[in-house]
Amino acid sequence: MVHPERMVVETIKEINPGKIVIFGANGMLGHALQQVFPKAHCFGHRDGEITNEDAVMKMVKRERPAVIINAAAYTDVDGCEDNRDHAFAVNGYGPGYIAAACSEVGAILVHYSTDYIFDGTKPEYHEDDLPNPLSIYGESKLMGEVSIRKNMDDYRIIRTSWLFGSHGKNFVDTILGLSAKIPEVRVVNDQIGKPTYTVDLAHATPDIISRAPGVYHITNDGICSWYEFASAFIPNATPCTTAEFPRKAKRPGYSVLANTKTPPLRHWREAVREYIQTKRNVV
Ligand SMILES: NC(=O)c1ccc[n+]([C@@H]2O[C@H](COP(=O)([O-])OP(=O)(O)OC[C@H]3O[C@@H](n4cnc5c(N)ncnc54)[C@H](OP(=O)(O)O)[C@@H]3O)[C@@H](O)[C@H]2O)c1
C-alpha cells in the first residue's frame, strides 16, 4: 500500500516537492495528523499562534509549504459562549490569516470545520446546504469558512463531527472515566450525530488534498445518539434528554453530515472498538 504521505507528495510535486505545515499539531486531531504526515513541519499553539496575522504571514513565507493543514481551533463549545471575542479571533479570523498567507505562496489549505455550523433541523446536511449555527462556537467556525473563501480558492474545508481520539478531551474518555466511578451514567438520547475517530479522519486527509478545492463532509459511517454511542463501550449508560442536562451552548438536535463526494469511512462502532483497544494496550 502506498503510504498516505507519499500519495500527497506525489499529487503535489509539481507545485513544490513536498513541504507540509501543520498548525494545531498538539491537539487531538493534530496528533493523529502527525502520524500520517511524519515529515510535516509541525507548529503547536506556542510556536504557531494563528491569531497573529503578521507572524502567520512571515512564518508561511519563510516555510513556503505546498500544503498547510490547520487543525488549530478553540474547541470548548460552552467556553465560546463566555469568550466570544477569543472564539472569533481563533476560529473566525485565524483561518483567514492562514488562507491569505497560503494565497501569497501558492499553497493548498486544508482546514477542519464542524457540523455545529448547522441548526440540526434537517434529516442530513449536504456539503452545499445553508448553515445556521446555534452557538458562538458554530458561528465562529462558520466565519472561519467564510474568511478562507474570501482569501483564496485552493482550499479543502473538511467538516467533521463528534471527534474522539488520543491526546485530547473527548466524549469517550470522559464517559469511560465516569462509568468507572458512578453506578449510572446519564447520557443525552435526543442529540443525533456521527462520531469520528481522529485517526480515520487524519488518514482520509491525503485523499482530500488530492481532490478538487471545495467543502467535504468526512465522518465515520453510522448515525447514533450520544446515549447510543456511550452504550457501545460502557454497560451502565442510561438515557436522558437535553432538557434534563442543560449546557451553556445550544447544540443541534440532528446534525448528520452527509458525505456525497468521497468513499465512506468505516463504521464508528469499529473505530471506537479500536480506539479503546489502543488505550488498553498503552495502559
Ligand atoms: N472535537 C470535536 O468534537 C470536533 C468536532 C467537529 C469539528 N472539530 C474541528 O476539528 C479540528 C480539530 O479539533 P480537535 O478536537 O483536535 O481540537 P483540540 O484538541 O482542542 O486542538 C486544537 C489545538 O489548537 C490549539 N490552539 C488553540 N488556539 C490556538 C491559537 N490561537 N493558535 C494556535 N493554536 C491554537 C490548541 O492549543 P491549546 O490547547 O494550547 O490552546 C490545541 O492544541 C478543529 O478545527 C475543530 O473545530 C472538532
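Start with the whole chain in view: of the contacts between residues at least 6 apart in sequence, 82% join residues at least 24 apart. Bear in mind as you go that this is a predicted model. Colour by secondary structure and you should find 10 helices and 12 strands.

Zoom out for the overall dimensions. The C-alpha trace spans about 55 × 40 × 35 Å along its principal axes. The radius of gyration is 18 Å, which agrees with a compact globule, because 283 residues packed that way would come out near 19 Å. Buried residues make up 45% of the chain.

Now switch to confidence colouring. The average pLDDT is 94, and 93% of the residues score at least 70. Select residues 12-17 next: pLDDT stays under 50 there, and the model has eight contacts for this stretch beyond four places in sequence.

Time to go inside. The largest nonpolar core has 77 residues, and I22, L33, I68, I98 and L109 are the ones touching the most other members. Helix 5 is the top contributor to this core, with seven residues. Pick I98 and look past its neighbours within four places in sequence: its contacts are F23, I50, V56, I68, N70 and L109.

Last stop, the ligand. Which residues are closest? Of the 26 residues surrounding the ligand, those are G27, L29, A72, A73 and L163. Highlight helix 2 (28-36), helix 5 (84-105) and strand 4 (108-114), since each supplies at least two residues of the shell. Helix 2 has the largest share, three residues. Colour the shell by class and you get 11 nonpolar, 13 polar and two charged residues.

Definitions and conventions:
Residues are numbered from 1 along each chain as its sequence is written. This is a predicted model: local features need pLDDT of at least 70, side-chain atom pairs count only at pLDDT 80 or more; totals for chains, interfaces and linings use all residues. A residue is near a molecule or strand if its C-beta atom, placed from the backbone, lies within 6 Å of it. Helices (H or I, at least four residues) and strands (E, at least two) are DSSP runs, numbered from the N terminus. Ala, Val, Leu, Ile, Met, Phe, Trp, Tyr, Cys and Pro count as nonpolar, Asp, Glu, Lys and Arg as charged, and the others, Gly among them, as polar. pLDDT is the predictor's confidence in each residue, from 0 to 100. Two residues are in contact if their C-beta atoms, placed from the backbone, lie within 7 Å. A nonpolar core is a set of buried Ala, Val, Leu, Ile, Met, Phe, Trp, Tyr and Cys residues joined through C-beta atoms within 7 Å. A residue is buried if 20 or more other C-beta atoms lie within 10 Å of its own, exposed if 12 or fewer, and partly exposed in between; C-beta atoms are placed from the backbone. The radius of gyration is taken over C-alpha atoms; the globule rule is 2.2 Å times the number of residues to the power 0.38.
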